[in-house]
Amino acid sequence: MLTPGTPPPFPLRWGFSTRLDAPETLPPRRLDQVHRCGVVEAGEAVVAADGIWTTRPGIPIGVRVADCVPILLAGPLADGRPWVAALHAGWRGATGHGDADPGGGILRRGVARFQALGGRPGDLAWALGPAILACHFEVGPEVIEAARLDPAWREDLQAPGPSGRPHLDLHGFLRAQALHLGLDPEQDGSVPLCTVCRPDLLYSYRSGDTTGRQWGWVEIL
Ligand SMILES: [Zn+2]
């Protein structure tokens with residue numbers, strides 16, 4: 001388990017699992033992830049969504065990834081109750097591409113849920129987990145086009161790779177969104193490990209792990 005490098009705002013357990021974590025230590029599966037931007041409150045049923053949140057202690061929630069970025073958020077609501085979320089962001093999730101809701105990518109929607117409950121973005125502790133980083137994330141031009149629609153986009157978040165096709169800095173793109181949303185850079189506990197560079201520790205779909213996944217998960221204690 002890799003733990004975010006920022007102090008949590010209230011007692012919680014959170015982090016990013018690796019190949020070394022025993023399955024029984026991981027949360028129950030609550031999401032049927034579909035590479036969209038739905039963010040739901042944790043309930044009893046497994047639902048089709050890519051983000052999940054809760055205010056209840058003792059309910060571990062998470063997302064499963066193997067190249068996409070797992071995002072963890074934790075902050076106090078206006079009434080002091082703890083709020084936590086886990087989000088799954090591939091390029092579609094990060095950009096909101098193809099989603100009927102014009103609310104932007106999943107990080108924007110996750111933070112909007114927190115704000116709707118009275119939370120202030122600057123109070124969130126947050127972390128982007130292991131994912132395919134700019135060293136290996138070659139993408140097509142349609143991905144860059146989708147990313148350019150986000151108000152936080154900067155052209156230095158892409159650079160041509162060895163093949164001439166662009167490499168996207170998905171972590172950098174999500175961090176730019178986070179800061180644009182008002183999250184505090186001092187509360188960024190991201191774990192910037194690349195899933196392709198670290199096959200000893202991490203699953204990578206592009207590297208051939210079609211079934212293995214790591215979790216980004218959080219539980220209020
Ligand atoms: Zn890499």
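Val-40 stands opposite Ile-52 in S5. That pair belongs to the contact between S3 and strand S5 (residues 51-54), which pair in the parallel sense over three bridges. The model is predicted.

Step back to the sheet around these strands. It is open and has five strands, in the order S3-S5-S8-S7-S9. The pairing is mixed. Strand S3 (39-41) and strand S9 (125-128) form the edges. Each of these two pairs on one side only. Neighbouring strands of the sheet are turned against each other by 15° on average, direction ignored.

A helix packs on this sheet. It is H2, residues 106-116, and it touches S3, S5, strand S7 (69-76) and strand S8 (82-89). The direction of H2 makes about 165° with that of S8. Which residues of H2 are buried? They are Ile-106, Leu-107, Arg-108, Arg-109, Gly-110, Val-111 and Phe-114. An α-helix has 3.6 residues a turn, so residues three or four places apart point the same way. In H2, Leu-107, Val-111 and Phe-114 are among the buried residues. What covers the buried residues of H2? The cover includes the strands S3, S5, S7 and S8. It also includes helix H1 (91-95) and helix H4 (170-180). After H2 comes Gly-118, with a positive phi near 95°.

H4 deserves its own look. Its buried residues are Leu-170, His-171, Phe-173, Leu-174, Arg-175, Gln-177 and Ala-178. Take Ala-178, which is found in helix H4. Ala-178 has 25 other C-beta atoms within 10 Å. The cut-off for a buried residue is 20 or more, so Ala-178 counts as buried. Leaving aside neighbours within four places in sequence, Ala-178 is in contact with Leu-107, Trp-126 and Leu-183. Leu-107 is one of the buried residues of H2. The C-alpha atoms of Ala-178 and Trp-83 are separated by 17 Å, with the two positions 95 residues apart along the chain. H4 is followed by Gly-182, whose phi is positive, near 95°.

Now turn to another sheet. This one is open and has three strands, in the order S1-S12-S6. Its pairing is antiparallel. The edge strands are strand S1 (12-16) and strand S6 (61-65), and each pairs on one side only. From one strand to the next the twist averages 10°.

The strand between these edges is S12, residues 214-220. On one side, five bridges join S6 to S12, and the two run antiparallel. Here Arg-64 has Trp-215 of S12 as its bridge partner. S1 is also joined to S12 by five bridges, again antiparallel. In that pairing Leu-12 stands opposite Ile-220 in S12. In a regular strand the side chains alternate between the two faces of the sheet. Is S12 enclosed or exposed? Six of the seven residues of S12 are buried, so this strand is largely enclosed by the rest of the structure.

The chain leaves S1 through a loop. Arg-19 lies in this loop, between S1 and strand S2 (31-32). Is Arg-19 buried or partly exposed? Arg-19 is partly exposed, because 13 other C-beta atoms lie within 10 Å. Arg-19 also meets distant parts of the chain. Not counting residues up to four places away in sequence, Arg-19 touches Leu-201, Leu-202 and Tyr-203. Its C-alpha atom is separated by 7.2 Å from that of Gln-214, which is 195 residues apart along the chain.

Finally, consider the whole chain. The protein has four helices and 12 strands. Its radius of gyration is 16 Å, close to the 17 Å that the globule rule gives for 221 residues, so the protein is as compact as a globular protein of that length. Along its principal axes, the C-alpha trace spans about 50 × 40 × 30 Å. Of the 221 residues, 45% count as buried. What share of the contacts with a separation of 6 or more comes from residues 24 or more positions apart? The share is 69%. The contact of Ala-178 with Leu-107 and that of Arg-19 with Tyr-203 are examples to look up in the structure.

Key: Residues are numbered from 1 along each chain as its sequence is written. This is a predicted model: local features need pLDDT of at least 70, side-chain atom pairs count only at pLDDT 80 or more; totals for chains, interfaces and linings use all residues. Two strands pair if DSSP finds at least two bridges between them. Axes are lines fitted to C-alpha atoms, for helices over the stretch in contact, and angles run from 0 to 180 degrees between N-to-C directions. Two residues are in contact if their C-beta atoms, placed from the backbone, lie within 7 Å. A residue is buried if 20 or more other C-beta atoms lie within 10 Å of its own, exposed if 12 or fewer, and partly exposed in between; C-beta atoms are placed from the backbone. The radius of gyration is taken over C-alpha atoms; the globule rule is 2.2 Å times the number of residues to the power 0.38.
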